[in-house]
Amino acid sequence: MKRFFFNIFKMFWLCLFLILGSCTKSVIIKSEVLDVDSIADSTTFYSGHPYNLNIIYFVPGNITPNPDYEQRLSKIMIEGQNFYKQWMNYWGFGNKTFGLYKNNANTRIKIHTIHGTENSSAYATDAPIKALVDAYFQEHPQEKTSDHYLVITASNKKYDQGETDDHAIPYYGTGRWCYAVDYPGLKYENLGTSGLVGDKATIYIGGLYHELGHGINLPHNGPSASQITNPQFGMTLMGSGNYTYGKSPTFLSFYDAATLNNCQVFSTDVKSFYGAVNTTVNTIQSKVENGEIVVSGTFTSTVPAKHISFRNILESDPQGYQSVTFTTLPGLNNTFNIRMPISEFNVKANMPYTLQLFFHHENGTNTSVNYAYKFVNSLPIVDFGDRDFLSRTGWTIVGVSSEQNGYAAVNVLDNNANTYWHTSWSNPLPHPHFITVKTGATSITASGLSIATRHDNSGNGGKIKDFKIEVSADGITWIQVYSGKMAINGKQYFTFDTPKTFQYIKLTSLNDYEGKTFATLAELNLY
């Protein structure tokens, strides 16, 4: 009798667990702006991760969900998990990958299907889609499992048969959101097949993995010269991997893996992610030695950096698709030292480059500091090592063409690379723009000017291109001591032909890199 009641007790709790733990496709929420199916039939989903990628299938009002999308996209995402895991393991981070809710058979993933009420042309950008997704998770906060979202929009056009859409569909990564597209017949099994079917599978599956990379914190980066010719590596996913995946060797770089190692959805621990981090490079030395670019120095940071990467970005490729990266552990007492063989650069063009010091912090936040250098006749000219700056005590801004509220000219003197002067966009005026500094109560003697460009991700508009420097003893009579071109990014030095003595210095911007009316500058020093 006791065993009978014990079995009844076990059956009660098993039934209760199945009722509470399962999701059903019959849950439909309708309003004036939102129609949502929260899937997935009667399947129960599990994950060993505390944080999991939020997967959304978005269906515009005039679109029919493509057949078998749950099964097809589940296969694509599970294979994507395996690809990321393979390369995390290769670079020494173990079998880590992004979290997904999956069934016990490892054949289906949890997908939230959201129906828009407008026709597909109304969702040509991400903003209206994101608004609907946000609304859904506000109504169902328990369904949100991380800060990262992949939104796959349905299109009924048969791309692999030559059909095309007559409007844009979001296909990119922005912040911790990324967007891709599903079309009828998109199947993982089509990768590597001939003709248009295989081409489109590579573009739209490789593209999904590439944009997912952006949504989980990865910037663009390319292979080194030895990797691109090595069949074990080939092309980086975050380079042109959306055109190679499934066709030719494609890989995640060490730089990618070091970034993902701190990503929220790769974590197996519950902790705080993505808090603010302040990083300062205190000293830096640079030189070319024995066919290598050698960079060393010290830094401080409010959150420890697990790795430091050195990303070399061409001026002609500002988004960094071809950037060659070198990644290392920080040294004792927050030091860094890297040797970058020139032979590993695929492109040695006669143009400016940006060396980006990229700090991978343990809370998932990434910070970076930029320095400018250039290649001339296939050889690097590296001169961004520390200079002995003159004291700026008593320096004041005594003239400026314009400044936007909150972006005052005085920011160029505050020793903070994250604040900057920006000319007015509320009442914009064309170039030239200028900023004039008085160097205290007495004259000084300087050999050159140092600047740091604005450091953010809002594009190159307002980043000064052609400029001139003038000095004056009295603020009335001016002598030009330098004219030239700034690099897009980083700290830069402009040495006068001979040391100059003056009390006023004026920097005039003649144009910017995008043909806009603005000018910006983060820091100004003399040495």
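**Exercise 1. Place D147 in the predicted model: which residues is D147 in contact with, leaving aside neighbours within four places in sequence?**

Step 1. List the contacts. D147 touches R176, Q264 and Y274 once neighbours within four places in sequence are left aside.

Step 2. Locate the residue. D147 sits in the loop that runs between α3 (126–139) and β5 (149–154).

Step 3. Classify its exposure. The relative accessibility of D147 is 29%, so D147 counts as partly exposed.

Step 4. Check a distant position. N54 is 93 residues from D147 in sequence, yet their C-alpha atoms are 8.1 Å apart.

**Exercise 2. Find what the side chain of R311 reaches, given that R311 is buried yet has no salt bridge.**

Step 1. Locate R311. Its strand is β12 (residues 305–314).

Step 2. Look for a charge partner. The nearest side chain of opposite charge belongs to D317, 7.3 Å away. A salt bridge requires a nitrogen and a carboxyl oxygen within 4 Å. R311 has none.

Step 3. Turn to backbone oxygens. A polar atom of the R311 side chain lies 2.8 Å from the backbone oxygen of H220. The R311 side chain also reaches the backbone oxygen of Q319, at 3.4 Å.

Step 4. Add the surroundings. Not counting residues up to four places away in sequence, R311 touches several residues, among them P219, Y255, G320 and T354.

**Exercise 3. Work out the strand order of the open sheet that holds β10, β11 and β14, then describe how the side chains of β14 point.**

Step 1. Write the order. This open sheet of three strands runs β10-β11-β14, with antiparallel pairing.

Step 2. Mark the edges. β10 (279–289) and β14 (335–341) are the edge strands, and each pairs on one side only. From one strand to the next, the twist averages 15°.

Step 3. Count the bridges. β11 (residues 292–301) and β14 are joined by seven, and the two strands run antiparallel. S296 stands opposite N337, and E292 stands opposite P341.

Step 4. Sort the side chains of β14. F336, I338 and M340 point to one face and are buried. T335, N337, R339 and P341 point to the other face and are not buried.

**Exercise 4. Which residue forms a salt bridge with E292 at 2.6 Å, and what parts does the pair tie together?**

Step 1. Name the partner. E292 forms a salt bridge with R339, and their closest N and O atoms are 2.6 Å apart.

Step 2. Place both ends. E292 lies in strand β11 and R339 in strand β14, so the pair ties together parts that are 47 residues apart in sequence.

Step 3. Compare exposure. E292 is buried, with a relative accessible area of 19%. R339 is partly exposed at 37%.

Step 4. Extend the network. Salt bridges with shared partners join K287, E289, E292 and R339 into one network.

**Exercise 5. Describe two salt bridges that lie within helices, E79 with K75 and D134 with K130.**

Step 1. Start from the total. The whole structure holds 13 salt bridges.

Step 2. Take helix α2 (residues 69–90). E79 and K75 both lie there, four residues apart, about one turn of the helix. Their side chains meet at 3.1 Å, N to O. K75 is partly exposed, at 31% relative accessible area.

Step 3. Take helix α3. D134 and K130 are also four residues apart, about one turn. The closest N and O atoms are 2.9 Å apart. D134 counts as partly exposed at 24% relative accessibility, and K130 counts as partly exposed at 28%.

Definitions and conventions: Residues are numbered from 1 along each chain as its sequence is written. This is a predicted model: local features need pLDDT of at least 70, side-chain atom pairs count only at pLDDT 80 or more; totals for chains, interfaces and linings use all residues. Side-chain values use heavy atoms; hydrogens and water are left out. Buried means under 20% relative accessible area, exposed over 50%, partly exposed in between (1.4 Å probe, protein chains only). Lys and Arg count as positive and Asp and Glu as negative; His and the chain ends are not counted. A polar contact is a pair of N or O atoms within 3.5 Å; within protein, one must be able to donate a hydrogen and the other to accept it, and residues adjacent in sequence count only if both atoms are side-chain atoms. Contact means heavy atoms within 4.5 Å. Two strands pair if DSSP finds at least two bridges between them. Axes are lines fitted to C-alpha atoms, for helices over the stretch in contact, and angles run from 0 to 180 degrees between N-to-C directions.
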